[in-house]
Amino acid sequence: MIAPQGRCYWAVVPFSPAQPFRIYAGTERAPLAVTTTAIVNAARKGDPQFDAIVPVKARPVLVLTELLAPFDEVLALRLRTFDKLSAAEQQRVREHQEDALFHLEPAAFAGLPQENAAIVSALVRVPVGAIATERELGTLNENELRVVHERVARAHGLRLDMLALEQAQQLIKRLQEPGP
Amino acid sequence: MDTVRIPGDRVRVPNLRPGTAAAVHRYDKERAFMLHPDDFHRLTALEELAAAALAISPIEFSEVAVEAHRDESTPGQSIIDPDELLALFGE
């Protein structure tokens with residue numbers, strides 16, 4: 001069992017399918033280009049399932065979670081290579097002035113072909129079978145991982161206020177309990 | 001917290017002073033609590049204050065962040081040439 005949280009690996013990641021969906025229609029004809037409405041309308045006639053042709057790409061990803069048992073899946077972020085950023089943008093990312101792009105220190109991510117940033121809004125769900133776990137490309141330290149989690153929550157507007165409040169209430173309750 | 005309004009003639013409510021809660025028990029289990037209105041409003045205001053203090057501020061996406069997300073989430077040209085695919089993956 002691997003513990004991939006905070007680590008970077010090569011993975012095979014599909015792009016999210018978007019309309020027009022290319023639906024496989026056998027070897028004799030080209031795929032059908034179908035809209036969301038057409039597929040939803042077809043669903044009203046039963047429970048049909050189709051094979052959509054989805055582009056996939058091998059890319060490094062930063063894994064945010066441990067394996068979600070029993071599904072053997074993780075949440076991960078896509079990365080942005082520095083060669084696609086201007087010199088000024090690179091510097092802003094290195095100085096953590098871009099909240100949505102988390103800088104991956106080259107020294108800690110020596111397995112990556114070049115300097116990268118994790119795109120905190122670009123979440124993907126990846127089955128562990130699609131991750132090349134035999135070779136780790138780098139790892140975040142605990143503090144960096146906390147910051148990335150915080151930024152992912154902020155980027156996606158996750159409502160964690162009640163969770164934090166409940167944790168605080170439990171902590172207060174424990175502190176108020178008489179000691180041994 | 002949602003509040004359910006119940007007419008006063010539908011339930012028997014004890015006289016409660018501020019700072020005192022009445023716990024309604026049944027078979028040793030807590031069923032409900034009744035509070036003086038001042039306490040209820042103070043507690044709900046505190047809860048709202050805590051929730052507001054703990055709410056996370058959204059990230060503002062710069063142009064470079066938006067472009068990075070869009071570009072890395074948009075497929076480029078896929079390889080579909082059979083000879084090229086065979087050269088990459090073999091038989």
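Start with one pair of residues: in this predicted model, A:Val61 sits opposite A:Arg78, a residue of β5(A). The two strands around that spot are β4 (residues 56-63) and β5 (residues 73-81) of chain A, and they pair in the antiparallel sense over 3 bridges.

**The sheet they belong to**

Zoom out a little and you find an open sheet of 6 strands in chain A, paired in antiparallel fashion. Which order do the strands take? Reading across the sheet, you meet β6-β7-β5-β4-β1-β8. At the edges are β6 and β8 of chain A, and each has a single partner strand, so one side of each has no neighbour in the sheet.

Chain B comes in here too. Helix α2(B) packs on the sheet and touches β5, β6 and β7 of chain A. The direction of α2(B) makes about 35° with that of β7(A).

Here are some of the elements mentioned, with their residue ranges:

| Element | Residues |
|---|---|
| β4 of chain A | 56-63 |
| β5 of chain A | 73-81 |
| β6 of chain A | 101-104 |
| β7 of chain A | 116-127 |
| β8 of chain A | 138-139 |

**Where the two chains meet**

How many residues does each chain bring to the contact? Chain A brings 24 residues and chain B brings 18 residues. On the chain B side, α1 (37-54) and α2 (63-73) each supply at least two residues. The biggest giver on that side is α2(B), with 6 residues. Sorted by class, the side of chain B that touches chain A has 12 nonpolar, 5 polar and 1 charged residues.

**Chain A as a whole**

Chain A has 4 helices and 8 strands. Follow the sequence and they come in the pattern β-β-β-α-β-β-α-β-β-β-α-α. Why call chain A more spread out than a compact globule? Its radius of gyration is 21 Å, and the globule rule gives 16 Å for 180 residues, so the value for chain A is well over what that rule gives. Along the principal axes, the C-alpha trace of chain A spans about 75 × 45 × 35 Å.

As for burial, 25% of the 180 residues of chain A count as buried. Among the chain A contacts with a separation of 6 or more, 69% are between residues 24 or more positions apart.

The domain assignment splits chain A into domain 1 (7-16 + 58-176) and domain 2 (18-53). Between the C-alpha centres of these two domains of chain A there are 33 Å.

Key:
Residues are numbered from 1 along each chain as its sequence is written. Chains are lettered from A and ligands numbered from 1 in the order in which they are written. This is a predicted model: local features need pLDDT of at least 70, side-chain atom pairs count only at pLDDT 80 or more; totals for chains, interfaces and linings use all residues. The radius of gyration is taken over C-alpha atoms; the globule rule is 2.2 Å times the number of residues to the power 0.38. A residue is buried if 20 or more other C-beta atoms lie within 10 Å of its own, exposed if 12 or fewer, and partly exposed in between; C-beta atoms are placed from the backbone. Two residues are in contact if their C-beta atoms, placed from the backbone, lie within 7 Å. Ala, Val, Leu, Ile, Met, Phe, Trp, Tyr, Cys and Pro count as nonpolar, Asp, Glu, Lys and Arg as charged, and the others, Gly among them, as polar. Two strands pair if DSSP finds at least two bridges between them. Axes are lines fitted to C-alpha atoms, for helices over the stretch in contact, and angles run from 0 to 180 degrees between N-to-C directions. Domain bounds come from an automatic or database domain assignment.
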